Amino acid sequence: MPTKAESTEIGSGRAPSRFGAAYRVLEEAIAARAFPGCAFGVWVGGEVVLPATHPPATHIGALGRFTFEPESPLVSAETAYDVASLTKVVATTAAMMLLVQRQQIDVDTLLGDLLPGFVVGRAPGDAARKVTLRHLLAHNSGLPGYVELFRRTTTPEALFRACLELPLEVEPGTRAEYSDPGFILLGKALEVRTGETLDLWLGREVLRPLGMSATGFCPAPALRDAIPPTEEDTWFRHRLIQGEVQDENAWVLGGVAGHAGLFSNVADLLRYAAEIVNAGAEISPKGAPNLFEAATVKRFTQRQEPEGSSRALGWDTPSANSSAGKHFSGHSVGHLGFSGCSLWIDLEAAVAIVLLTNRTLPDRKSQLIREVRPAFHDAIREALQR
């Protein structure tokens, strides 16, 4: 391996010495088969510093290939990935933030008021009647963390109905339990409020205003070959999953869901991160009004109950042994995706880091990503300090 002072020839470009340690973390991860390839980027104080946005374009922001096959396509900085649960913050939480800001919805609205099917048939004193949108955002609703609803349903309607009927495991607000069903229900509640599907509303109100042209649900068939596959599915769909959502519940729901289904690339996710950091500025560095107000971001990035939970409203925050590493301040937010993607934003330092991988290829067994993420984030933050 090259020394820290050397540049490293990787993939389709040249890695600059400034970020040499970070590149080595990822190169070694690929060699260890943590994932076959990755795209990544860094935004600092209003500027994308990785990948380079102007010549000489030495900051390539990509390593490896779509698969472990030697002739597989090279990943580029523009490659879009299935970002899995980043959907929760880039789509569902973004929609909630904007609707709250416009006073079109309240986080303390009872879920049953928007989705009556969640309470119909339950006993008068059932805890489900107390669940609010805030509980869903904070992952403290009492709903289970993950349920394989796709195993017993075959249509979007049946899966949604099964989600509505899930029993609570504890009283709302008493336990932090990261919950996919909670965000499935939250996504549907937002659709009821807006009168549109999540993908259409998000595209018009968030993605297009931010110029996030590579982001969306359900990629067209013609685009699927340009997206790294997430899994060789040998047990459910019995095919290579490429360009369609990996999450089975989201797939049964038609590819558009509050918890998963979004595809995006590094540039778009950095644009979104910049919007979060720049909230409240009258005019953003890109010369257009910002979507989010400072008060909105402050509200959604504060930790919620119960005591000890790292969850804010939609967002996660750094905790002990965080995937963000050791250099993100306490005023940071982020999220992970099961497919191997992550987004972390330090609101205090105005730093955002995106890492996109398909760590579940060929299957879900490897957990090496847990070591890669903090090491990569630490290497980037340490490089920025020099």
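**Close-up views of a predicted model**

**View 1. The largest cavity and its lining.** The lining residues of the largest cavity divide into five nonpolar, two polar and two charged. This is a predicted model. The space enclosed comes to about 50 Å³. Ile184, Gly187, Lys188 and Glu191 belong to the lining, as do Leu198, Leu253, Val256, Ala257 and Gly258. Helix H6, residues 180-194, gives the most to this wall, with four residues. The structure has two cavities of 30 Å³ or more. The other one is the subject of the next view.

**View 2. The second largest cavity, lined in part by H2, H6 and H7.** Its volume is about 30 Å³. The lining is made by Ala95, Leu99, Leu190, Glu191, Thr194, Glu196, Thr197, Leu198 and Trp201. H2, H6 and helix H7 (198-210) each supply at least two of these residues. H6 gives the most, with three residues. By class, the lining splits into five nonpolar, two polar and two charged residues. Glu191 and Leu198 appear here, and they also line the largest cavity.

**View 3. The largest pocket, with strand S11 and helix H11 in its lining.** The volume of this pocket is about 840 Å³. Its lining takes in 36 residues. Nearest the centre lie Tyr178, Leu336, Gly337, Phe338 and Arg373. Strand S11 (332-337) and helix H11 (369-385) are the elements that give two or more residues to the lining. H11 gives the most, with four residues. The lining is mixed in character: 11 residues are nonpolar, 14 polar and 11 charged.

**View 4. Alanine 39 and its contacts.** Alanine 39 sits in strand S3, residues 37-44. Its relative accessibility is 0%, so alanine 39 counts as buried. Neighbours within four places in sequence are set aside here; beyond them, alanine 39 is in contact with Gly61, Ala62, Val75, Ser76, Tyr81, Val266, Val354, Leu355 and Leu356. Leucine 356 is 317 residues away from alanine 39 along the chain, yet their C-alpha atoms are separated by 5.2 Å. Strand S13 runs over residues 351-357.

**View 5. Cysteines without disulfides.** The structure holds zero disulfides. Why is cysteine 218 unpaired with cysteine 341? The sulfur of cysteine 341 is the closest cysteine sulfur to that of cysteine 218, but it is 17 Å away, too far for a bond. A disulfide needs the two sulfur atoms within 2.5 Å. Cysteine 341 is likewise in no disulfide; its nearest cysteine sulfur belongs to cysteine 38 and is 10 Å away. Is each of the two residues buried or partly exposed? Cysteine 218 has 41% relative accessibility and therefore counts as partly exposed. Cysteine 341, at 0%, counts as buried.

**View 6. Positive phi at cysteine 218 and alanine 84.** Most residues other than glycine have a negative phi. Cysteine 218 is not a glycine, and its phi is positive, about 50°. Cysteine 218 lies in the loop between strand S7 (216-217) and strand S8 (231-233). Alanine 84 also has a positive phi, near 55°. The place of alanine 84 is in the loop between strand S6 (81-82) and helix H2 (87-101). Alanine 84 has a relative accessible area of 10%, so it is buried.

**View 7. Cis peptide bonds before proline 51 and proline 362.** Most peptide bonds are trans. The bond joining leucine 50 and proline 51 is cis, with omega about 0°. Proline 51 falls in the loop between strand S4 (47-50) and strand S5 (62-64). The bond from leucine 361 to proline 362 is cis as well, with omega near 0°. Proline 362 is in the loop between strand S13 (351-357) and H11. H11 is the helix that gives the most to the lining of the largest pocket.

**View 8. The chain that frames the close-ups.** The protein chain comes to 11 helices and 13 strands. Along the principal axes, its C-alpha atoms fill a box of roughly 70 × 50 × 35 Å. The radius of gyration is 20 Å; a compact globule of 386 residues would have one near 21 Å, so the two agree. Buried residues make up 60% of the 386. Of the contacts with a separation of 6 or more, 65% join residues 24 or more positions apart.

Definitions and conventions. Residues are numbered from 1 along each chain as its sequence is written. This is a predicted model: local features need pLDDT of at least 70, side-chain atom pairs count only at pLDDT 80 or more; totals for chains, interfaces and linings use all residues. Side-chain values use heavy atoms; hydrogens and water are left out. On a 1 Å grid over the protein atoms alone, a cavity is a set of points where a 1.4 Å probe fits but cannot get out, and a pocket is an open set with protein on both sides within 12 Å along at least five of seven lines; lining residues have an atom within 4 Å of a point. Grid points are joined across faces, edges and corners, and a volume is the space filled by probe spheres set on the points. Ala, Val, Leu, Ile, Met, Phe, Trp, Tyr, Cys and Pro count as nonpolar, Asp, Glu, Lys and Arg as charged, and the others, Gly among them, as polar. Buried means under 20% relative accessible area, exposed over 50%, partly exposed in between (1.4 Å probe, protein chains only). Contact means heavy atoms within 4.5 Å. The radius of gyration is taken over C-alpha atoms; the globule rule is 2.2 Å times the number of residues to the power 0.38.
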